[in-house]
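Reader: I would like a close look at one loop, and then at how its surroundings fit into the rest of the chain. Please be explicit about where the coordinates deserve caution.

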Amino acid sequence: LSASLVGSEMCIRDSALTTQDNRPAVWIVCLKTHEISQRKIRISARTAEGVAIDSGISPGERIVTTHIHALHAGDTVRLLDPQGEDTQVTDPEKSHH
């Protein structure tokens, strides 16, 4: 999924949320290598579109929306639709370091 703007706020799906050090976080996909890394975010509100984010990700960054609890930093993932605006990322290819 790409982070997107809804009005003046950036929104992501609830299914993309995980935690890091007891704070909300998401898995970010490096588009070059398809490796993931976890990043803390700050939630400003829950909306009909999902969760409004006020810091931690930028519009257009790719985030993982499925299988998030089975992932580890450095895993690689396969984009289901690399060109799509609303792309789910799934099937982590096991590359634990």
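Author: His67 lies in the loop between strand 8, residues 62-63, and strand 9, residues 76-79, and what follows is read from a predicted model. His67 has a positive phi of about 60 degrees although it is not a glycine. That value deserves attention because most residues other than glycine have a negative phi. As for its surroundings, His67 is partly exposed, with a relative accessible area of 46%.

A second histidine, His34, invites a parallel reading. His34 is found in the loop between strand 4 (23-29) and strand 5 (36-40), and although His34 is not a glycine, its phi is positive, at about 65 degrees. His34 is partly exposed, its relative accessible area being 25%.

The residue that follows His67 in the sequence leads inward. Ile68 is included in a second, separate nonpolar core of eight residues, which also includes Val29, Ile36 and Leu71. Ile68 and His69 are also among the residues touched by Thr18, once those up to four places away in sequence are not counted. Thr18 itself is found in strand 3 and is buried, because its relative accessible area of 12% falls under the 20% cut-off. The other residues that Thr18 touches, under that condition, are Arg23, Pro24, Ala25, Val26, Trp27 and Gln38.

Val26, one of those partners of Thr18, belongs in turn to the largest nonpolar core, which has eleven residues in all. Besides Val26, this core is made up of Met10, Ile12, Ala16, Leu17, Ile28, Ile41, Val51, Ile53, Ile57 and Ile63. Strand 2, strand 4 and strand 7 are the elements that give two or more residues to it. Strand 8, which precedes the loop of His67, covers residues 62-63, and Ile63 is a member of the largest core.

Strand 7 also takes part in the pairing of strands. Strand 6, residues 42-47, and strand 7, residues 50-55, pair in the antiparallel sense over five bridges, and the two strands form a hairpin with two residues between them. Within that pairing, Ala45 has Ala52 of strand 7 as its bridge partner. For anyone following the side chains along such an element, it helps to recall that in a regular strand the side chains alternate between the two faces of the sheet.

Charged side chains supply a further set of links, and a search of the whole structure finds four salt bridges. Asp54 forms one of them with Arg42, the closest N and O atoms being 2.9 Å apart. Asp54 lies in strand 7 and Arg42 in strand 6, so this salt bridge ties together parts that are twelve residues apart in sequence. Asp54, at 43% relative accessibility, counts as partly exposed, and so does Arg42, at 49%. Another salt bridge joins the side chains of Glu61 and Arg39, at 2.9 Å from N to O. This pair links distant parts of the chain, with Glu61 in the loop between strand 7 and strand 8 and Arg39 in strand 5, 22 residues apart. Arg39 is partly exposed, at 30% relative accessibility. A further salt bridge brings together the side chains of Asp14 and Arg46, at 3.1 Å from N to O. Here the loop between strand 2 (9-12) and strand 3 (18-20), which holds Asp14, is linked to strand 6, which holds Arg46, across 32 residues. Asp14 counts as partly exposed, at 44% relative accessibility, whereas Arg46 is exposed, with a relative accessible area of 60%.

Over the whole chain, the secondary structure comes to zero helices and ten strands. Buried residues make up 38% of the 97 residues. Of the contacts with a separation of 6 or more, 50% are between residues 24 or more positions apart. The accessible surface comes to about 5500 Å², with 49% of it belonging to carbon and sulfur atoms.

On caution, the mean pLDDT of the chain is 79, and 73% of its residues reach 70 or more. Confidence is highest in strand 5, at 96, and lowest in strand 10, residues 89-93, at a mean of 40. The pLDDT is below 50 over residues 84-97, a stretch that has 49 contacts in the model beyond near neighbours in sequence. Where pLDDT is low, the predicted coordinates should not be read in detail.

Note on methods:
Residues are numbered from 1 along each chain as its sequence is written. This is a predicted model: local features need pLDDT of at least 70, side-chain atom pairs count only at pLDDT 80 or more; totals for chains, interfaces and linings use all residues. Side-chain values use heavy atoms; hydrogens and water are left out. Two strands pair if DSSP finds at least two bridges between them. Helices (H or I, at least four residues) and strands (E, at least two) are DSSP runs, numbered from the N terminus. Buried means under 20% relative accessible area, exposed over 50%, partly exposed in between (1.4 Å probe, protein chains only). Contact means heavy atoms within 4.5 Å. A nonpolar core is a set of buried Ala, Val, Leu, Ile, Met, Phe, Trp, Tyr and Cys residues joined through side-chain atoms within 4.5 Å. pLDDT is the predictor's confidence in each residue, from 0 to 100. Accessible areas come from the Shrake-Rupley method with a 1.4 Å probe; for residues, only the protein chains shown count as cover.
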